[in-house]
Amino acid sequence: MDKKLNILFVVSESTPYAKSGGLADVAASLPLALAKRGHKVMVVMPYYASIAPDLVRSEETPFSMNVWMGDCEEWCLVHPKGINKNLNYYFIDFQKYFFREGYYHNNAMQDYPDNPSRFAFLSQAALYLCKTKQIRVDVVHAHDWQTSAAMAYLKTHHQNCAFLGHAAGMLTIHNIGYQGKYPRDSYSYLGFREQDFNPRIFEDYGDINLLKGGIHFADIVNTVSPSYANETLNPAFSYGLDPFLRLKGDRYIGILNGADYEEWDPAADPLIVKKYGIKNMNGKAACKLALQQRMNLYQQEYIPIIGMVSRMAEQKGHYQLRECIEAIVNNMQVQFAILGSGDKELEHYFGALPEKYPGLIGAYIGYDNALAHQIEAGSDFFLMPSLYEPCGLNQIYSLRYGTLPIVRATGGLDDTVEQYVESDGSGTGFKYYDATPRAIYDTVGWAVSTYYDRREHYAAMQRRAMKQNFSWEESTNLYETVYQRAIKVANREN
Ligand code: ADP
Ligand code: GLC
């Protein structure tokens, strides 16, 4: 692709600065991949209280900037940080909104009621930044409900601006289960047009729905896997938004996320005890032993370990797993290494299992990136019983670590894991369809019996899994093509 673009990435989290899930991984690796191709990328995100000042500090001087929210003029500080010649981060420092214990909710998991104001402010600040810096932008790329407002501002506030007026709006939905639905009291502060508070755009049973408005105003909307794009056109998966996605027609597509194989590579991972690769798997046994030690599991190499790393939320299937995990450890020779945090009820249940099943179930309730790597490396299987999964990154990491995924065949899990076929030993993992405890139990049983009884199949699947390539290469090509198309749509050239 010849024409290099100016891309504004506006996002609520990006590693290593702030991460609550896969969005942060994508918001770090996609800009990097685009910048490598020669595009100029600006990433605008909040300066949260939890971000260490050293991470943000750079040779460039912070500057102040005004942002109009409705009739209210706000002033914030912007900290620029150049990553390389094509990639610049801008941290929006606005303590009133971002100096809090969490990103979206407090420690008791209660959403901040002023979230629409907080994240609409971030969205608007990103656009004002382009004006302030006098950068002519080709594409504004927003992510999830948090920055959906940028799509509306682009089309209704800045359409005549020399720097933003030609820009296309691209919105990526990473998870349609979270839509940014809040009471309408902040509507005038948000500064959206009165006429846009209607059921086709922002209004949702009397509330504001930010994602819905973003879908309306975006030139192109995508989600993070082809299967999830199809699923969300169906009411069973769309949380009410399928009619609005259908309205986009072929301007709604699925693009599979890539993985950052620099961070997730067993041959170069500094966070695991011994590195390994397809040609030398000895290191994996050392990682397994270390994981058993760390998680207080019986140190026996022959027992398979099933790893799990995820937010503990309904979406991830923990409630179904709760109904069968004890039967699994009672009836099968297997261990669990579980890492996660989220719903308090789930945290209590899974957090108490190690005491009830010492040596068989290890659980750490919390967030720990190093342990996430160690679980990927030390486990034999990786379980993701998700009810829905827009893309899912951990199964992609698992494949690379030779840790066979056991997944529900939904969304990106279905797109990235190839079903094991017992008659010829093909496949890269184990998939099931029904979102039931029984199906989890049976599929874990199938995987475990393959581990014990069909060793050659298991070993061949490991090699096949490790050779899979879900790097950003191909997805970046697709984003480039879609950006070009969005620019045409925005400028009514097609
Ligand atoms: P989602 O974004 O829905 O949470 P993904 O599979 O796309 O799911 O991404 C989750 C990311 O967050 C992965 O990089 C995973 O390793 C990480 N992660 C989730 N929970 C934890 C945790 N408790 N500790 C460390 N990393 C975690
Ligand atoms: C969301 C989804 C997850 C996806 C991630 C990154 O959090 O739940 O499936 O991988 O976003 O796109």
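Me: Which helices and strands each supply at least two residues of the lining of the second largest pocket?
Reply: In this predicted model, they are α1, β5 (87–93) and α20 (472–490). Helices here are DSSP runs of H or I with at least four residues, strands are runs of E with at least two, and both are numbered from the N terminus. The largest share of the lining, seven residues, comes from α1.

Me: What makes this space a pocket, and how much space lies in it?
Reply: On a 1 Å grid over the protein atoms alone, a pocket is an open set of points with protein on both sides within 12 Å along at least five of seven lines, while a cavity is a set where a 1.4 Å probe fits but cannot get out. A volume is the space filled by probe spheres set on the points, which are joined across faces, edges and corners. The second largest pocket holds about 720 Å³. Its lining, meaning residues with an atom within 4 Å of a point, has 31 residues, and Ala28, Ser29, Leu32, Asp260 and Glu262 are the closest to the centre.

Me: Which residues line the largest cavity?
Reply: They are Val309, Ser310, Lys316, Leu383, Met384, Pro385 and Ser386. The cavity encloses about 30 Å³, and a search of the whole structure finds one cavity of 30 Å³ or more. Strands β13 (305–312) and β16 (381–384) each supply at least two of the lining residues.

Me: How do you know which class each lining residue of this cavity belongs to?
Reply: Ala, Val, Leu, Ile, Met, Phe, Trp, Tyr, Cys and Pro count as nonpolar, Asp, Glu, Lys and Arg as charged, and the others, Gly among them, as polar. The lining therefore divides into four nonpolar, two polar and one charged.

Me: What makes the pair formed by Asp25 and ligand 1 a polar contact?
Reply: A polar contact is a pair of N or O atoms within 3.5 Å; within protein, one must be able to donate a hydrogen and the other to accept it, and residues adjacent in sequence count only if both atoms are side-chain atoms. An N or O atom in the side chain of Asp25 is 2.8 Å from an oxygen atom of ligand 1, so the pair qualifies. Polar side-chain atoms of Arg311, at 2.8 Å, and of Asn394, at 3.2 Å, also lie by an oxygen atom of ligand 1. The protein covers 94% of the 560 Å² of accessible area that ligand 1 has on its own, by the Shrake-Rupley method with a 1.4 Å probe and, for residues, only the protein chains shown as cover.

Me: Why is ligand 1 said to lie between two domains?
Reply: Domain 1 (6–258 + 472–493) and domain 2 (282–467) both give residues to its shell, so ligand 1 lies between them. The bounds come from an automatic or database domain assignment. The shell has 20 residues, each with a heavy atom within 4 Å.

Me: Where does ligand 2 lie relative to the domains, and which residues are closest?
Reply: Ligand 2 lies between domain 1 and domain 2, because both give residues to its shell. Of the 14 residues around ligand 2, His174, Asn257, Glu389, Cys391 and Gly392 are the closest. A polar side-chain atom of Asn257 lies 2.8 Å from an oxygen atom of ligand 2.

Me: How are the names and values set out?
Reply: Residues are numbered from 1 along each chain as its sequence is written, with chains lettered from A and ligands numbered from 1 in the order in which they are written. Local features need pLDDT of at least 70, side-chain atom pairs count only at pLDDT 80 or more, and totals for chains, interfaces and linings use all residues, while side-chain values use heavy atoms, without hydrogens and water.
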